[in-house]
Amino acid sequence: MTAPPTAMPSILAPAGNRAAFLAALAAGADAVYCGLKSLSARMEAKNFSLDELAQLTALAHERNVRVYVTMNTLVKPDEVDRAGQLVDGLARHVRPDALIVQDLGMVALARQAGFEGELHLSTLANVSFPRAVGFIADNLPVARVVV
């Protein structure tokens, strides 16, 4: 019996501003994760506008680097429309490879808004034990759970 193939580790770099994003690309990151100016847990970071992120994502994709956009906050009832519009803008103009979400409702909202990339659950979703990961795998269309 042979051992299953081992996946190569990948380097995922955070970027809170343009300089950090470009540094991640220059350093050879396989993927970059970053937030927007709203609906991001790291509101103290400069973060990105849709236009700026669209330009940086195009540059990353030219270099075969994946881009993950964090939308890892709990969406309040009065923020649902704005969150949907933001996801629509990401899907149309930025085209990130994945969204990292905290709020389980964002999974359905992202699909309703036309996002076709991967969905990842953030560490902030608090999925922290094997049975919870199994539940998520069986019940939600997410590609990854960040534990």
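**Figure 1. Exposed and buried sides of helix H1 in the predicted model.** Ala-19 and Ala-26 are exposed residues on the face of H1 that is turned away from its buried side. The buried residues of this helix are Phe-21, Ala-24 and Leu-25. Because these three residues cover an arc of only 100° around the axis, they lie on the same side of H1. The cover over the buried residues of H1 includes strand E1 (12-15), strand E2 (31-35), helix H2 and strand E3 (66-71).

**Figure 2. The two ends of helix H1.** At the start of the helix, a side-chain oxygen of Asn-17 comes to within 3.2 Å of the backbone nitrogen of Ala-19. Ala-19 is also one of the exposed residues on the face turned away from the buried side of H1. Just after the helix, Gly-28 adopts a positive phi of about 90°.

**Figure 3. Packing of helix H1 against helix H2.** H1 spans residues 18-26 and H2 spans residues 50-62; the two helices pack at an angle of about 5°, and their axes are 11 Å apart. H1 is therefore roughly parallel to H2, since angles under 35 degrees fall in that class. On the H1 side, the contact is formed by Arg-18, Phe-21, Leu-22 and Leu-25. H2 contributes Glu-52, Leu-53, Gln-55, Leu-56, Thr-57, Leu-59 and Ala-60. By character, the residues of this contact comprise 7 nonpolar, 2 polar and 2 charged. Phe-21 and Leu-25, both part of the contact, are among the buried residues of H1.

**Figure 4. Surroundings of Leu-121 in strand E5.** Leu-121 belongs to strand E5, which comprises residues 118-121. Its relative accessible area is 0%, so Leu-121 is buried. Beyond its neighbours within four places in sequence, Leu-121 is in contact with Ile-100, Val-101, Leu-104, Val-107, Val-127, Ile-136, Val-142, Arg-144, Val-145 and Val-146. For one of these partners, Leu-104, the separation from Leu-121 is 17 residues in sequence and 8.0 Å in space, C-alpha to C-alpha.

**Figure 5. Surroundings of Ser-122 in the loop after strand E5.** Ser-122 is located in the loop between E5 and helix H5 (130-139). With a relative accessible area of 4%, Ser-122 is buried. When residues up to four places away in sequence are not counted, Ser-122 touches Asn-72, Ile-100, Val-101, Gln-102 and Val-146. Ile-100, Val-101 and Val-146 also appear among the contacts of Leu-121.

How values were computed
Residues numbered from 1 in each chain as written. Predicted model: local features only at pLDDT ≥ 70, side-chain atom pairs only at ≥ 80, totals over all residues. Heavy atoms only, no water. Axes fitted to C-alpha atoms, helices over the stretch in contact; angles between N-to-C directions. Helix = DSSP H or I, 4+ residues; strand = E, 2+ residues; numbered from the N terminus. Parallel < 35°, antiparallel > 145°, perpendicular 65-115°, else oblique. Contact = heavy atoms within 4.5 Å. Nonpolar A, V, L, I, M, F, W, Y, C, P; charged D, E, K, R; others polar. Buried < 20%, exposed > 50% of the residue type's maximum accessible area, 1.4 Å probe, protein only. Arc of directions from axis to C-beta. Polar contact = N/O pair within 3.5 Å; in protein donor to acceptor, adjacent residues only side chain to side chain.
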